[in-house]
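Subject: Structure for you to look at

Hi,

Here is the structure I promised to pass on. Have a look at it first, then read my notes underneath.

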Amino acid sequence: MRVAQDELGSLEEAGWRALSTSGEAAVEFYDRVLDHAAVMMFPGGLVIEGRAAILESMSGQPWSSYRLEDLKSLRPTPETGVVFYGVVAERGDAPTYSALVSSAYVRRDDGWRLVFHQHTLR
């Protein structure tokens, strides 16, 4: 089933809000949302594996602005979900960042947990 906005989309938006607030806010948010085994993949070949490494990577400068575009999700099973969308974001004086983003979630007893996240430059 494909839906335009749901609880997984809301989790993605909350993650971007945290990443745009501070490193501490990002760590606090993702500490609650990351699954016990998680992977993040970014442009330039950056692969971050495991909760501890992912949380450690979030201490950088926050985004100064972001815009999520055409956020949608798929639910292959009731216990899994994939969110996909475009993002345009800015951070300090760096060039504007534009990417296609996807995140995969699994439903655990205590709620949705992020297991995979990937950015592809566009």
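Below is what I found, going from the helices to the strands and then to the core. Keep in mind that this is a predicted model.

**Helix α1 and the residue just before it**

Let's start with α1, which covers residues 7-19. Does its length make sense? At 1.5 Å a residue, its 13 residues should span 18 Å, and the end C-alpha atoms are indeed 18 Å apart, so the two agree. Quite a list of residues is buried in α1: L8, G9, L11, E12, A14, G15, W16 and A18. The elements that cover those buried residues include α2, β4, β5, β6 and β7.

Now look at D6, which sits in the loop between β1 (2-3) and α1. Is D6 buried or exposed? D6 has a relative accessible area of 15%, and the cut-off for buried is under 20%, so D6 counts as buried. What does its side chain do there? At the start of α1, a side-chain oxygen of D6 comes to within 3.1 Å of the backbone nitrogen of L8. A polar atom of the D6 side chain also lies 3.0 Å from the backbone nitrogen of G9.

The D6 side chain has a partner in strand β4 too: R75 lies in that strand, and the side chains of D6 and R75 are joined by a polar contact of 3.1 Å. R75 is buried as well, because its relative accessibility is 17%. If you leave out residues up to four places away in sequence, D6 touches S73 and R75.

**Helix α2**

Next comes α2, residues 23-33. Which of its residues are buried? They are G23, A26, F29, Y30 and V33. Seen down the helix axis, these buried residues fall within an arc of 130 degrees, so they line one face of α2. There is a simple rule in the background: an α-helix has 3.6 residues a turn, so residues three or four places apart point the same way. Turn to the face of α2 that points away from the buried side and you'll find the exposed residues E24 and E28. As for what covers the buried residues of α2, the list includes α1, β2, α3, β6 and β7.

One more residue to click on in this helix is D31. D31 counts as partly exposed, because its relative accessibility is 41%. D31 is in contact with R51 and L55, leaving aside neighbours within four places in sequence. You can also check D31 against A52: the two are 21 residues apart in sequence, while their C-alpha atoms are 9.1 Å apart in space.

**How the strands pair**

On to the strands. β4 and β5 run antiparallel and pair over 9 bridges. A hairpin with 2 residues in its link joins β4 to β5. If you want a spot to look at, L74 stands opposite V82 in β5.

β6 and β7 are also antiparallel, with 10 bridges between them. These strands form a hairpin too, with 2 residues between them. Here the pair to find is L100 and its bridge partner in β7, T120.

And which way do β2 and β7 run, parallel or antiparallel? β2 and β7 pair in the parallel sense, over 4 bridges. M40 is a handy marker here, as it stands opposite H117 in β7.

**The core**

Finally, the largest nonpolar core, which has 29 residues. Which of them touch the most other members? Those are Y30, L34, Y85, V87 and Y105. The elements that give two or more residues to this core are α1, α2, β2 (34-42), α3 (51-56), β4 (65-77), β5 (80-90), β6 (97-108) and β7 (111-121). Of these, α1 gives the most, with 5 residues.

Y30 is a good place to end, since you have met it already among the buried residues of α2. Beyond the residues up to four places away in sequence, Y30 touches G15, L19, M40, R51, L55, M58 and L114. If you have time to view just a few spots, try Y30 with those contacts, and then the D6 and R75 pair.

Cheers

Terms used: Residues are numbered from 1 along each chain as its sequence is written. This is a predicted model: local features need pLDDT of at least 70, side-chain atom pairs count only at pLDDT 80 or more; totals for chains, interfaces and linings use all residues. Side-chain values use heavy atoms; hydrogens and water are left out. A nonpolar core is a set of buried Ala, Val, Leu, Ile, Met, Phe, Trp, Tyr and Cys residues joined through side-chain atoms within 4.5 Å. Buried means under 20% relative accessible area, exposed over 50%, partly exposed in between (1.4 Å probe, protein chains only). Contact means heavy atoms within 4.5 Å. A polar contact is a pair of N or O atoms within 3.5 Å; within protein, one must be able to donate a hydrogen and the other to accept it, and residues adjacent in sequence count only if both atoms are side-chain atoms. Two strands pair if DSSP finds at least two bridges between them. The arc is that of the directions from the helix axis to the C-beta atoms. The expected span of a helix is 1.5 Å times one less than its number of residues.
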